[in-house]
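Visitor: I am new to this one. Could you walk me through it and explain the words you use along the way?

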Amino acid sequence: APNNFYPHFKLASCFVEHAGRMLLLHRNDMVSQGGKWGQPAGKVEDGESVVEAAARELFEETGIEVDSNQLVCFKEIYVHHDGRNFTDTMFSVVFDKLPNIALNLREH
């Protein structure tokens, strides 16, 4: 972590890949980061590990259910945005078969 970096919260995110293609979600205009594209992601809740949060967020936002041991952690980044510090631990999962996707329409 950078010197004097004190995160206000932690994020967990998950890149989903199938046949060399990545899943990106378009955020509804009325939610945080509205109008932007990104991977399924969200805040880590109290008592939850970052990998559990990534699996939960993936399910909540896309309906894709994975066991947390299927997720591979590949990077943690340190972010300063809008006057707040947070970490984003990024995971990935690769599917041999295209998963069924049921978007959470309130968010995407």
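**Salt bridges and surroundings**

Guide: Gladly! Let us begin with Glu-57, which counts as buried at 8% relative accessibility. Please keep in mind that this is a predicted model.

Visitor: Why is Glu-57 called buried?

Guide: Buried means under 20% relative accessible area. Glu-57 has 8%, so the word fits.

Visitor: What makes the contact between Arg-56 and Glu-57 a salt bridge?

Guide: A side-chain nitrogen of Arg has to lie within 4 Å of a carboxyl oxygen of Glu. Here the N to O distance is 2.9 Å, so the pair qualifies.

Visitor: Which helix holds Arg-56 and Glu-60, and what separates them?

Guide: Both are in helix H1, and because they are four residues apart, about one helical turn separates them. Their side chains meet in a salt bridge of 3.2 Å, N to O. Through shared partners, salt bridges join Glu-45, Glu-48, Arg-56, Glu-57 and Glu-60 into one network.

Visitor: How do you know that Glu-45 and Arg-56 form a salt bridge?

Guide: Their N to O distance is 3.6 Å, and the cut-off is 4 Å, so this pair counts. The pair links distant parts of the chain, with Glu-45 in the loop between S5 and H1 and Arg-56 in helix H1, eleven residues apart. The structure holds four salt bridges.

Visitor: Are Arg-56, Glu-45 and Glu-60 buried or partly exposed?

Guide: Arg-56 has a relative accessible area of 16%, so Arg-56 is buried. Glu-45 has 44% and Glu-60 has 37%. Partly exposed lies between 20% and 50%, so that term suits both Glu-45 and Glu-60.

Visitor: What makes up the nonpolar patch on the surface?

Guide: Ile-101, Leu-103 and Leu-105 form that patch, with about 300 Å² of accessible area together. Leu-103 sits in the segment after S7. A patch residue needs over 30% relative accessible area. Leu-103 has 40%, so Leu-103 passes that cut-off and counts as partly exposed.

Visitor: What lines the largest pocket?

Guide: Its lining has 24 residues, and Leu-11, Ser-32, Gln-33, Ala-41 and Phe-86 lie nearest the centre. The elements giving two or more residues to this lining include helix H1 (50-62) and strand S7 (84-95). The volume of the largest pocket is about 700 Å³. By class, eight lining residues are nonpolar, seven polar and nine charged.

Visitor: Which element gives the largest share of the second largest pocket's lining?

Guide: S1 does, with three residues. That pocket holds about 160 Å³ of space, and its lining has seven nonpolar, one polar and two charged residues.

How values were computed. Residues numbered from 1 in each chain as written. Predicted model: local features only at pLDDT ≥ 70, side-chain atom pairs only at ≥ 80, totals over all residues. Heavy atoms only, no water. 1 Å grid on protein atoms, 1.4 Å probe; cavity = no way out; pocket = protein on both sides within 12 Å on 5 of 7 lines; lining within 4 Å. Points joined across faces, edges and corners; volume = space filled by probe spheres on them. Nonpolar A, V, L, I, M, F, W, Y, C, P; charged D, E, K, R; others polar. Patch = residues over 30% accessible without salt bridge, like charges linked within 9 Å, V, L, I, M, F, W, Y side chains within 5 Å. Areas by Shrake-Rupley, 256 points an atom, 1.4 Å probe, with all protein chains shown as cover. Buried < 20%, exposed > 50% of the residue type's maximum accessible area, 1.4 Å probe, protein only.
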